[in-house]
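The following exercises concern the arrangement of a sheet and its surroundings in one model. Each task is followed by a worked solution.

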Amino acid sequence: MINTWITNFKPYDLNDKETHINDISQYLLNRCLQMFKYENLPDTIDKRNLELLLLCNGFTIISKVEEGLYAFYGGLGGEPDAYYMPTIATVSNPALNISENYTIGDECCLILSDSSAKGLKDIIRKYATIISEIDLSIRIATINSRITTLISAGDDNTAKSAKQFLTDIENGKLGIISDNTLLGEETLKVNPYASNGSKTLTELIELRNYYEAEFYKEIGLNQTNNMKRESLNDDEIAANEDTLKPLIDDMLEQRQIGIDEVNKM
């Protein structure tokens, strides 16, 4: 089965930005799933699904069904408490055949992913969109780097042949012009193409690395991004680390508070 899958590889369509953004989002989410570790989780709650609920939805509802604890996604409402926080969690789960309104703090516990219950979905989507745009630009710059001349055509036949030539270039093939008349100055003009493609590609790669590092930095994880093109000294590394952690520390704190509430219940 694996060999069949490998032989069925197809070119990746970077122009399908929606799919590309979704793919990058999932890769970033996969990395974020390794940020926290849990001990002694019940058999009915696995770390992967617990973290997916927290990171993607901003919160999860923990309640007991029969003899097991489960993590749910649901609606929050009810009459707000003194701090305008919800008091009722509405859960519907066809697999467990339940549709209930649980009182928060009594019949269920609410674990927040962060103080604002935002999760990382919006941050992931933002950076995935930016990185996708850069990937598309890298693709275009890579294709343009194959072009050493610019072609201008004076009639439809010449233009058709020139387009086919450029298509062959884009596909990595050698372009061939079969009609000698196309080489005349009246129908076809070829001008040298002064390109700074190598510099553009370098800048785009650096830009991609920068935004990927910024994503991890925003959530509090350190990924070195040296825009100086030289080594960093200890003070620069320490200064970079000092700007990290506020969000991830908040996420850890909210998980600890939530898990403590679950243990008490």
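Two residues are in contact when heavy atoms lie within 4.5 Å. The model used here is predicted.

**Exercise 1.** Determine the strand order of the open sheet and identify its edge strands.

*Solution.* Step one: three strands make up the open sheet, with antiparallel pairing and the order β2-β1-β6. Step two: β2 (68–72) and β6 (108–112) each pair on one side only, which makes them the edge strands. Step three: the average turn between neighbouring strands of the sheet, with direction ignored, is 25°.

**Exercise 2.** Describe how strand β1 is joined to β6, and state which helices pack on the sheet.

*Solution.* Step one: β1 (residues 59–65) and β6 run antiparallel and are joined by five bridges. Within this pairing, Thr60 stands opposite Ile111 in β6. Step two: helix α3 (residues 47–57) packs on the sheet and touches β1, β2 and β6; the direction of α3 makes about 140° with that of β1. Step three: helix α8 (residues 246–264) also packs on the sheet, touching β1, β2 and β6, and the direction of α8 makes about 170° with that of β6.

**Exercise 3.** Is Arg255 buried or exposed, and which residues does Arg255 contact beyond its neighbours within four places in sequence?

*Solution.* Step one: Arg255 is located in helix α8. Step two: the relative accessible area of Arg255 is 3%. Buried means under 20%, so Arg255 is buried. Step three: with neighbours within four places in sequence set aside, Arg255 is in contact with Phe36, Tyr38, Glu51, Leu54, Leu55, Ile111, Leu112 and Ser113.

Methods:
Residues numbered from 1 in each chain as written. Predicted model: local features only at pLDDT ≥ 70, side-chain atom pairs only at ≥ 80, totals over all residues. Heavy atoms only, no water. Pairing = 2+ DSSP bridges. Helix = DSSP H or I, 4+ residues; strand = E, 2+ residues; numbered from the N terminus. Axes fitted to C-alpha atoms, helices over the stretch in contact; angles between N-to-C directions. Buried < 20%, exposed > 50% of the residue type's maximum accessible area, 1.4 Å probe, protein only.
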